[in-house]
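Grab a pencil and work through these exercises with the structure open beside you. Try each task yourself before you read the solution.

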Amino acid sequence: MWILRPVAPGREGPYYLLVGVNYIVGRKNCLILLHEDQSISRSHARLSVVHPEANLNNMANTSVLALEDTSKYGTFVNEVRLQNKSPRILKSGDAVTFGVFDSKFRVEYEPLIISSSCLEVPVKIALNHSIQQLGGHVAKNWTKDSTHLVMSSVKITVKTFEIQRRNRPFDPPGLRRPAIILYTSTIL
């Protein structure tokens, strides 16, 4: 999952970037509003995440975050100005500055690797759709890289034992649908 985090305290954010959404950064009518900075154009830049459905089960292929400058005053990645209307693929840890003042952010990629257990087929399909939109992956089996476990009810399985042993989050039953990605780090 890609996250755009403000560097300066007091700024709005972080922004969690979903697959297939064009995030316009700008001063007016945008998904990411930076209205306090006069060097920001109305439609300053565009961020988009691509994560083909084919990548869902392939942990080696992470989602890709692209940034395109559409402004007058510029957008900078690691202090280098982007060419206008020329998309740039970002890496986790890149510093992004919109305009020439204090609209500074850092992009981060946080792996989201879901393992499910004891889910019915329609729930698994809905879960796969949600994880794909978040730019994550679905592992058939629990691995050392798995970050979350989703179950419709708690049953003691190898996966639940491993998740507790590694202190990883899972979706407790009865609190929310498994396809919604909200987690807790302890077994209830």
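## Exercise 1: A patch on the surface

V64 is partly exposed, since its relative accessible area is 34%. Keep in mind that the model is a predicted one.

**Task.** Find where V64 sits, and say which residues make a nonpolar surface patch with V64.

**Solution.**
- Step 1: Look for V64 in strand β6, which covers residues 64-69.
- Step 2: Check its exposure. Partly exposed lies between the cut-offs of 20% and 50%, and V64 has 34%.
- Step 3: Look for its partners. V50, V64 and I89 make a nonpolar patch of about 250 Å².

## Exercise 2: The whole chain

**Task.** How many helices and strands does the chain have, and what share of its residues is buried?

**Solution.**
- Step 1: Count the elements: there are two helices and 15 strands.
- Step 2: Turn to burial. The chain has 188 residues, and 43% of them are buried.
- Step 3: Now the outside. About 10,200 Å² is exposed, with carbon and sulfur atoms supplying 54% of that area.
- Step 4: Finish with contacts. Take those between residues at least 6 apart in sequence: 48% of them join residues at least 24 apart.

## Exercise 3: Two sides of a helix

**Task.** Sort residues of helix α2 into buried and exposed, then explain why the buried ones can be said to line one face.

**Solution.**
- Step 1: Mark out the helix: α2 runs over residues 158-165.
- Step 2: Pick the buried residues, which are K159, T160, E162 and I163.
- Step 3: Look down the axis of α2. The buried residues fall within an arc of 160 degrees, so they line one face of the helix.
- Step 4: Go round to the other side of α2, where V158, F161 and R165 are exposed.
- Step 5: Zoom in on T160. Its relative accessible area is 6%, so T160 is buried. From T160 to W142 the C-alpha distance is 9.2 Å, and the two are 18 residues apart in sequence.
- Step 6: See what comes after the helix. N167 follows α2 and has a positive phi, near 55 degrees.

## Exercise 4: Charged pairs

**Task.** How many salt bridges are there, and which parts of the chain does the pair R5 and E110 tie together?

**Solution.**
- Step 1: The count comes to four salt bridges.
- Step 2: Take R5 and E110, whose side chains meet with 3.0 Å from N to O. R5 belongs to strand β1 (residues 2-6), while E110 sits in the loop between β11 (103-109) and β12 (113-117), so the pair ties together parts 105 residues apart in sequence.
- Step 3: Check how open these two are. R5 is partly exposed at 23%, and E110 is partly exposed at 36%.
- Step 4: Move to R46 and E68, where the closest N and O atoms are 2.6 Å apart. R46 is in strand β5 (residues 45-50) and E68 in strand β6, so this pair ties together parts 22 residues apart in sequence. R46 is partly exposed at 25%, whereas E68 is buried at 12%.
- Step 5: Then look at K144 and D145, a salt bridge with its closest N and O atoms 3.4 Å apart. Here K144 is exposed at 57%, and D145 is partly exposed at 44%.
- Step 6: Spot the sharing of partners: salt bridges join R5, E108 and E110 into one network.

## Exercise 5: Cysteines

**Task.** How many disulfides does a search of the whole structure find?

**Solution.**
- Step 1: Recall that a disulfide is a covalent bond between the sulfur atoms of two cysteines.
- Step 2: The search of the whole structure turns up zero disulfides.
- Step 3: Compare two cysteines for exposure. C30 counts as buried at 13%, while C118 is partly exposed at 37%.

## Exercise 6: Backbone oddities

**Task.** Is the peptide bond from G13 to P14 cis or trans, and what is the sign of phi at N78 and K85?

**Solution.**
- Step 1: Read omega from G13 to P14. The angle is near 10 degrees, and the bond is cis. P14 lies in the loop between β1 and β2 (15-17).
- Step 2: Go to N78, in the loop between β7 (75-77) and β8 (80-81). Its phi is positive, near 50 degrees, and N78 is not a glycine. N78 counts as partly exposed at 36%.
- Step 3: End at K85, in the loop between β8 and β9 (88-90). Its phi is positive too, about 60 degrees, and K85 counts as exposed at 57%.

Notes. Residues numbered from 1 in each chain as written. Predicted model: local features only at pLDDT ≥ 70, side-chain atom pairs only at ≥ 80, totals over all residues. Heavy atoms only, no water. Buried < 20%, exposed > 50% of the residue type's maximum accessible area, 1.4 Å probe, protein only. Helix = DSSP H or I, 4+ residues; strand = E, 2+ residues; numbered from the N terminus. Arc of directions from axis to C-beta. Contact = heavy atoms within 4.5 Å. Areas by Shrake-Rupley, 256 points an atom, 1.4 Å probe, with all protein chains shown as cover. Patch = residues over 30% accessible without salt bridge, like charges linked within 9 Å, V, L, I, M, F, W, Y side chains within 5 Å. Disulfide = S-S within 2.5 Å.
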